[in-house]
Amino acid sequence: MKLPTPPLPRALKPKPGRPGSRPPGNGDANGTGGNGKVRDLRPGTPDGNGERPSKGGPRVDRERFKEQALEVPIGVAGWLDERSGMSPFVRGLAYRKVPRGTNWWYTLGSATMFAFVAQAVTGVFLAMYYNPAPSEAYESITHITNDLFLGEFVRGMHKWGSTVMVILIFLHMARTFFFGAYKYPRELNWVIGVVLLVLTLAMGLSGYLLPFDQRGFWATVVAVNINASAPVMGPYIADFLRGGSEFTATTLSRFYSIHMLIIPGLIAALIGAHLYLVAKLGTTAPPWLKAEKAKALNQEEL
Ligand code: HEM
């Protein structure tokens, strides 16, 4: 007796075509031919047009060939896209329209992001050797600087990189301010930006204590005391930062965790939200273009 064919598991069943795609059998938007298998659309194959793009051979319908080739998931990108559906997002981001007159000032946000990534990468390497115990911290920093391969270089990049990031963030903020990019509908992105600025400055402050040298220690004592003088919340913030009413070993490990976990995590999440809004709302046209447009409209009205 012939056994009936078992039903296909759900994952292997041919998927219905997406709205707007060609009906199954004629090939769907994935180039699967509607049967789950990827069709070989190269010329000369049964699914292709049977023509070879050779010099003397028949003319290949290039446009159709290109269209078909686009349907076939290509390599890694296709594999990823089939599973994540991220290509519309990536395409939207890469091909989004930017206003006429976009110039170098618009690169400051990306430059700030690059500075943040560089801080994160160099910070990870420093964390491999840094020891946040009061008796070890300074030793571990001198070990990184004097004994490790490229240690001084990586530490220097991290130290000067923090200053570069602060300068870039201020320049980026100035650009958005002077181009009027904080106005409707971008107010929320401006507010996120302000939080990013505060967090970046807090990164600098919390990192300053970590080498645990005289300068870092006393600078932090002063900064925490300034915080303590703020009305109402001040003393509580200072106690939280110190991990009690005195500077102890807990203060150092607390600053370390704030510096390498809490703030970078918040910054990364907020950069994600910031970029989402940039992609969604687009960038603002330079003010001189807006002025030109307004002038042209006024003249039309006259
Ligand atoms: C870690 C810090 C930051 C990163 C990585 C970052 C990144 C970016 C990027 C890549 C863009 C799009 C390109 C550009 O216009 O430069 C952008 C746009 C924008 N950023 Fe930032 N940003 C940061 C901080 C700030 C700060 C501090 C502010 C203001 C307080 C701000 C306000 C804005 C606004 C309003 C836009 C939209 C610009 C427009 O529509 O023309 N950002 N940001």
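This section describes the surroundings of the ligand and then helix H4 in a predicted model.

The shell around the ligand consists of 26 residues, of which His172, Arg175, Gly193, His274 and Thr284 come nearest. By class, 13 of the shell residues are nonpolar, 11 are polar and 2 are charged. Four helices each contribute at least two residues to this shell, namely H4 (108-127), H6 (151-178), H7 (187-209) and H10 (249-281).

Several polar atoms of the protein lie close enough to oxygen atoms of the ligand to count as polar contacts, for which the cut-off is 3.5 Å. From the side chain of Thr284, a polar atom is placed 2.9 Å from a ligand oxygen; Thr284 is also one of the residues that come nearest to the ligand. A polar side-chain atom of Arg186 is found 3.0 Å from an oxygen atom of the ligand. At Gly109 the backbone is involved, with a polar atom 3.1 Å from an oxygen of the ligand.

Helix H4, which spans residues 108-127 and supplies at least two residues of the ligand shell, also takes part in a nonpolar patch on the surface. The patch is formed by Met113, Val117, Val121, Val124, Phe125, Met128, Tyr129 and Leu275, and together these residues have about 720 Å² of accessible area. Helix H4 provides 5 residues of the patch, the largest share.

Three residues of H4 illustrate how accessibility varies within the helix. Met113, a residue of H4 and a member of the nonpolar patch, has a relative accessible area of 30% and is therefore classed as partly exposed. Phe116 also belongs to H4, but this residue is buried because its relative accessibility is 12%, and the limit for a buried residue is under 20%. Gln119, likewise in H4, has a relative accessibility of 11% and so counts as buried.

The two buried residues of H4 described here, Phe116 and Gln119, can also be placed relative to residues elsewhere in the sequence. Between the C-alpha atoms of Phe116 and Gly161 the distance is 8.4 Å, although 45 residues separate the two in sequence. The side chain of Gln119 makes a polar contact with the backbone oxygen of His158, at a distance of 3.0 Å.

Key
Residues numbered from 1 in each chain as written. Predicted model: local features only at pLDDT ≥ 70, side-chain atom pairs only at ≥ 80, totals over all residues. Heavy atoms only, no water. Near = heavy atom within 4 Å. Polar contact = N/O pair within 3.5 Å; in protein donor to acceptor, adjacent residues only side chain to side chain. Nonpolar A, V, L, I, M, F, W, Y, C, P; charged D, E, K, R; others polar. Patch = residues over 30% accessible without salt bridge, like charges linked within 9 Å, V, L, I, M, F, W, Y side chains within 5 Å. Areas by Shrake-Rupley, 256 points an atom, 1.4 Å probe, with all protein chains shown as cover. Salt bridge = Lys/Arg side-chain N within 4 Å of Asp/Glu carboxyl O. Buried < 20%, exposed > 50% of the residue type's maximum accessible area, 1.4 Å probe, protein only.
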